[in-house]
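Hi,

Here is the structure I said I would pass on. Have a look at it first, and then read my notes underneath.

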Amino acid sequence: MKELLQKNIAAHIALSNPETEAFCNLFQHEIIKKRSFLLREGEVCKFEGFVIKGLFRVYHIDKDGFEQILYFAIENWWITDIDSFTNETPSQLFIEALEDSEVLLISKKDKEFAYSNMPEIEKLFRVMTQKTHVALQRRMIDNLSKTAESRYIEFSEKYPQLIQRLSNIQVAAYLGITNVFLSNIRKKIALKK
């Protein structure tokens, strides 16, 4: 169960086997059923999670009741509300399982313990935070400068394993367009082939 987490850690930093084992032992295994929430708006996020099975969406509902999907998380991806987790404030986000899922969760207390006792863990989370910032910056630039069609094409090419598991409505919410507009984009792309 923790093998995927161990491989993910090894992809970012070098830890000894005992250090890796000690860090992985700080995580709690949770099974989350499809359509269940790992986090709801208004709750304080008390975890950083690593997805070992399944699919989650992280989203916000705006004042008009529209869903704005920040990101999806599948196997081997991390998931949290970093603002709520870091600042211990009520979340503005929902984290919902779109499939029956399993996650490994680490609490803030255990993460701080790891920082104090395993210095390489700070490097792990620094590297992951930098990668997250890069991805968010690129997404913001894409949303400001690219058409919905080009964003859809890039998303489907970059995450083919993810796009197969999502509904049109979910993809449209991620891209910030309507389901009808997404259907038109898909038809237009199909006609070009």
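Below is what I found, going from the whole chain down to single residues.

One thing before the rest: this is a predicted model, so please read everything here in that light.

**The chain as a whole**

The secondary structure comes to 9 helices and 8 strands. A compact globule of 193 residues would have a radius of gyration near 16 Å, and the chain comes out at 18 Å, which agrees. If you want to set up a box, the C-alpha atoms fill one of roughly 55 × 35 × 30 Å along the principal axes.

On burial, 40% of the 193 residues count as buried. The surface that the chain exposes is about 11200 Å², with carbon and sulfur atoms supplying 54% of that area. For contacts between residues with a separation of 6 or more, 69% come from residues 24 or more positions apart. As for charges, there are 27 positive and 26 negative side chains, and the centres of those two sets lie 7 Å apart.

**Two helices with a buried face**

I looked at H4 and H2 in some detail. Helix H4 covers residues 108-117, and its buried residues are Lys 111, Ala 114 and Tyr 115. Looking down the axis of H4, these fall within an arc of 100 degrees, so they line one face of the helix. Note that a lysine is in that buried set. Another lysine of H4, Lys 109, is exposed on the other side of the helix, as is Ser 116. The cover over the buried residues of H4 includes helix H2 (17-24), strand E3 (48-53), helix H3 (82-87), strand E8 (101-106) and helix H5 (119-145).

H2 can be described along similar lines. Its buried residues are Thr 20, Phe 23 and Cys 24. Seen down the axis of H2, they sit within an arc of 95 degrees, so they too line one face of their helix. H1, E8, H4 and H5 are among the elements covering them. H2 is thus part of the cover for the buried residues of H4, and H4 is part of the cover for those of H2.

**Asn 8 and Asn 76**

Asn 8 belongs to helix H1, residues 3-12. Is Asn 8 buried or exposed? It is buried, because its relative accessible area is 6%, which is under the 20% cut-off. Beyond its neighbours within four places in sequence, Asn 8 is in contact with Phe 50, Asn 76, Trp 78 and Met 128.

That contact list leads to Asn 76, found in the loop between strand E5 (67-74) and strand E6 (78-79). Asn 76 has a positive phi of about 75 degrees although it is not a glycine. With a relative accessible area of 32%, Asn 76 is partly exposed.

**Two more residues to look at**

Glu 88 also has a positive phi without being a glycine, here about 55 degrees. It lies in the loop between H3 and strand E7 (94-97). Glu 88 is exposed, because its relative accessible area is 54% and the cut-off is over 50%.

Finally, Ser 183 is in helix H9, which runs over residues 179-192. Its relative accessible area of 24% makes it partly exposed. Ser 183 and Val 171 are 12 residues apart in sequence, and their C-alpha atoms are 11 Å apart in space.

Cheers

Terms used: Residues are numbered from 1 along each chain as its sequence is written. This is a predicted model: local features need pLDDT of at least 70, side-chain atom pairs count only at pLDDT 80 or more; totals for chains, interfaces and linings use all residues. Side-chain values use heavy atoms; hydrogens and water are left out. Helices (H or I, at least four residues) and strands (E, at least two) are DSSP runs, numbered from the N terminus. The radius of gyration is taken over C-alpha atoms; the globule rule is 2.2 Å times the number of residues to the power 0.38. Buried means under 20% relative accessible area, exposed over 50%, partly exposed in between (1.4 Å probe, protein chains only). Contact means heavy atoms within 4.5 Å. Accessible areas come from the Shrake-Rupley method with a 1.4 Å probe; for residues, only the protein chains shown count as cover. Lys and Arg count as positive and Asp and Glu as negative; His and the chain ends are not counted. The place of a charge is taken as NZ of Lys, CZ of Arg, CG of Asp or CD of Glu. The arc is that of the directions from the helix axis to the C-beta atoms.
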